[in-house]
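Student: I am new to this structure and would like a close look at a single part, taken slowly. Could you take one helix and what surrounds it, and then place that part in the rest of the model?

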Amino acid sequence: MLEIIDLTKLFFGLTAVDHVSTRFERGQVSAIIGPNGAGKTTFFNLIAGTHRPSSGRILFNGQDVTGLRPDHVARLGIARTFQTTHLFDNATIIDNLIVGHRLRTRSGLWDVLVNTKRLQQEERTCRDKAMEALDFVGLAHISHRMAGDITQEERKRVAFALALATDPELLLLDEPAGGINPEETVGLAALIRKLVDHGKTVCLIEHKMDMIMRLADKIVVLNNGTKIAEGTPAEIRRDPQVIDAYLGVDHAAV
Amino acid sequence: MKLLQGKTGWMLLALAALAFPLLAQNNYLISVATQAFIMAIAALGLNLITGYTGQFNLAHGAFMAVGAYTVGILTVDHQVPFWIAFLLAGVVTAVAGFFVGILSLRLKGHYFSIFTLCVSYIMYLLIEKWESLTHGTVGIMGVPAPTGVGPVQFGTPLSQYYLVLAFLALGIWIMSRIVNSLLGRSFMAVRNSDELAEALGIDLMRTKTLSFVLSVVYAGFAGALYAGQVRFLGPDLASEVVTFDLVMFVLVGGIGTLLGPLVGTALVTWLTQGLQFLQDYRMVVFGPVLIALIIFLPDGIVGTWLNGRARRADTTRGKPHA
């Protein structure tokens, strides 16, 4: 589904991502792990179009998406969440979510001024999509709450819902379980599994190894911008380089 | 309080505005109110780019001057009929706004504000120095009043008042359509986080440019109405003072709310008029009041009220779950 070929990003001579090649398969959970500063988020930024790669290519469903703008990438079906969840705190959850489906609508200024059928139709679609996404993440009952009043875990789920409302094929999740407690992490892992069961493909960055080891079908390990290992959780656990660079002995297979 | 909400609230406001001249019975007060309405139209526009889209534009007053000078130059020097000049004022500001927009909107946050402040000063200098076009510091005198439409004439302060009020009502109506639509949601998504908006598939440049052009068109028409009401134009109209007045109106009323710019304009104008007996010392009263307002009501009057209302609605609706 997503193929990365020899991807490199230089920031003024600093190599953030260094000749990384890998592929993410449809219907799987792929995880990217590595120490802080390994280039994980930069890697996501390159896929999502936030940064332009210095060299290398990115193919999404066989189509070359290298260097496309983020909004274009989103329209092609790649959604992402950020480490910190930006919500508009003085609005309700549902109001925060409606804009998520905007990219699939075409109403412009003219439709707004004369209130065309198309606009009315599209506004309904967006609201329905938002509600559907909220229901999917299990928060339909708080749709009317103010975004500033909900818990960290709920914010994470709302961020998922926002990404889902764009009708993506692939979701890039940047530390979805950052800043939430172990019980809630289990719940989020179940939600990610549910996404995959519903035909989505997921790629995530995460530091919580217990979660990754149970959830991921495939793990890519980055260190100093280079890929040092790639494989199933079982393979990664045994990899001496990974144990050395990141896992430590705690998570290594004994 | 229920009475003041939604459609009834707007109807009451409209009635109050319609009845005002009858109660005032005073041409001076009527022209002060007319000018306040003109500023309110410009403030509505500023609120679109700054309040709803999150881009703090400090060239807004200069675009008002562009609209005013378009009308002034066309009617006085080229004998173009007022209403044609009026429409062209909208077109000229839109075109100028488009080019300033695609340049300045590449910058974010404070950089954008500083850039637009510079643009504003350049426009001021252009108006002041380009004497062959703008009459320089002498200004443009004798701008004609809006020509009558059918039996209605716009020569008297009272008729001007209702004319400007009609445009203000139209401006509010269009603005409410925009901000309550999917388009408005795109603008607010950009304000909330441009990074997130872009990840949600919103074309940043296109969205911001559209908002910018729409906002300066409001300024342009406000300027055009100003030209027809004040009948004299000087380069001071393009000075940053006008922009900062507009910013103040929007902040006092409530940035990012539909009603905010109107409340802010009305309140600040009323306060300025009320303190006029103090002459320059009125700033001694005015300054502290403004600072207190920004500290205690950072969302402005309307913003604070709306937030409170939304929160109350949330707790009452949340009760069955508790």
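Tutor: In this predicted model, helix α1 of chain A lies across β1, β2 and β4 of chain A, and runs at about 65 degrees to β2(A). The three strands named here belong to an open sheet of four strands, whose order is β2-β1-β4-β5 in chain A and whose pairing is antiparallel. The edges of this sheet are formed by β2 (14-24) and β5 (63-64) of chain A, each of which pairs on one side only.

Within this sheet, strand β1 (residues 2-11) of chain A and strand β4 (residues 55-60) of chain A run antiparallel and are joined by five bridges. Two of the partnerships can be followed residue by residue: A:Thr8 has A:Ser55 in β4(A) as its bridge partner, while A:Ile5 has A:Arg57 in β4(A) as its own. As you trace such strands in the picture, it helps to remember that in a regular strand the side chains alternate between the two faces of the sheet.

On from β4(A), two bridges join this strand to β5(A), and the two again run antiparallel. A:Phe60 has its bridge partner, A:Gln63, in β5(A). The strands β4(A) and β5(A) form a hairpin with two residues between them, and in the turn A:Asn61 has a positive phi of about 50 degrees.

The other sheet to consider is an open one of six strands in chain A, with the order β6-β7-β8-β3-β9-β10 and mixed pairing. Its edge strands are β6 (78-81) and β10 (226-231) of chain A, each pairing on one side only, and neighbouring strands of this sheet are turned by 15 degrees against each other on average, if direction is ignored. Towards the β10 edge, strand β9 (residues 218-223) of chain A pairs with β10(A) in the antiparallel sense over five bridges, and in this pairing A:Val221 stands opposite A:Ala229 of β10(A).

Helix α1 (residues 40-48) of chain A packs on this six-stranded sheet as well, where it touches β3 (29-33), β6, β7 (170-174), β8 (201-205) and β9 of chain A, and its direction makes about 150 degrees with that of β7(A). The helix you asked about therefore has contacts with strands of the six-stranded sheet, and it also lies across strands of the four-stranded one. Helix α6 (residues 152-164) of chain A packs on the six-stranded sheet too, touching β6 and β7 of chain A, with a direction that makes about 165 degrees with that of β6(A).

To place this part in the rest of the model, turn next to the partner chain. In the interface, 31 residues of chain A are in contact with 27 residues of chain B. On the side of chain A that touches chain B, α2 (70-76), α4 (109-114) and α5 (117-136) of chain A each supply at least two residues, and by class this side has 15 nonpolar, nine polar and seven charged residues. The model scores ipTM 0.90 and pTM 0.92.

In chain B, helix α2 (residues 27-52) of chain B can be followed in two packings. With helix α12 (residues 260-274) of chain B, it packs at an angle of about 140 degrees, with the axes 8 Å apart, so α2(B) and α12(B) are oblique to each other. The residues of that contact divide into nine nonpolar, six polar and no charged.

With helix α7 (residues 157-179) of chain B, the axis of α2(B) crosses at roughly 15 degrees and comes within 9 Å, which makes α2(B) roughly parallel to α7(B). This crossing of α2(B) and α7(B) is left-handed, and the contact between them has 19 nonpolar, five polar and no charged residues.

As for confidence, the mean pLDDT of chain B is 90, and 96% of its residues reach 70 or more. Among the elements of chain B, helix α4 (residues 82-104) of chain B has the highest mean pLDDT, 97, and helix α14 (residues 300-318) of chain B the lowest, 79.

Note on methods: Residues numbered from 1 in each chain as written. Chains lettered and ligands numbered in written order. Predicted model: local features only at pLDDT ≥ 70, side-chain atom pairs only at ≥ 80, totals over all residues. pLDDT = per-residue confidence, 0-100. Contact = placed C-beta atoms within 7 Å. Nonpolar A, V, L, I, M, F, W, Y, C, P; charged D, E, K, R; others polar. Axes fitted to C-alpha atoms, helices over the stretch in contact; angles between N-to-C directions. Parallel < 35°, antiparallel > 145°, perpendicular 65-115°, else oblique. Pairing = 2+ DSSP bridges. Left-handed = near helix turned anticlockwise from the far one by under 90°.
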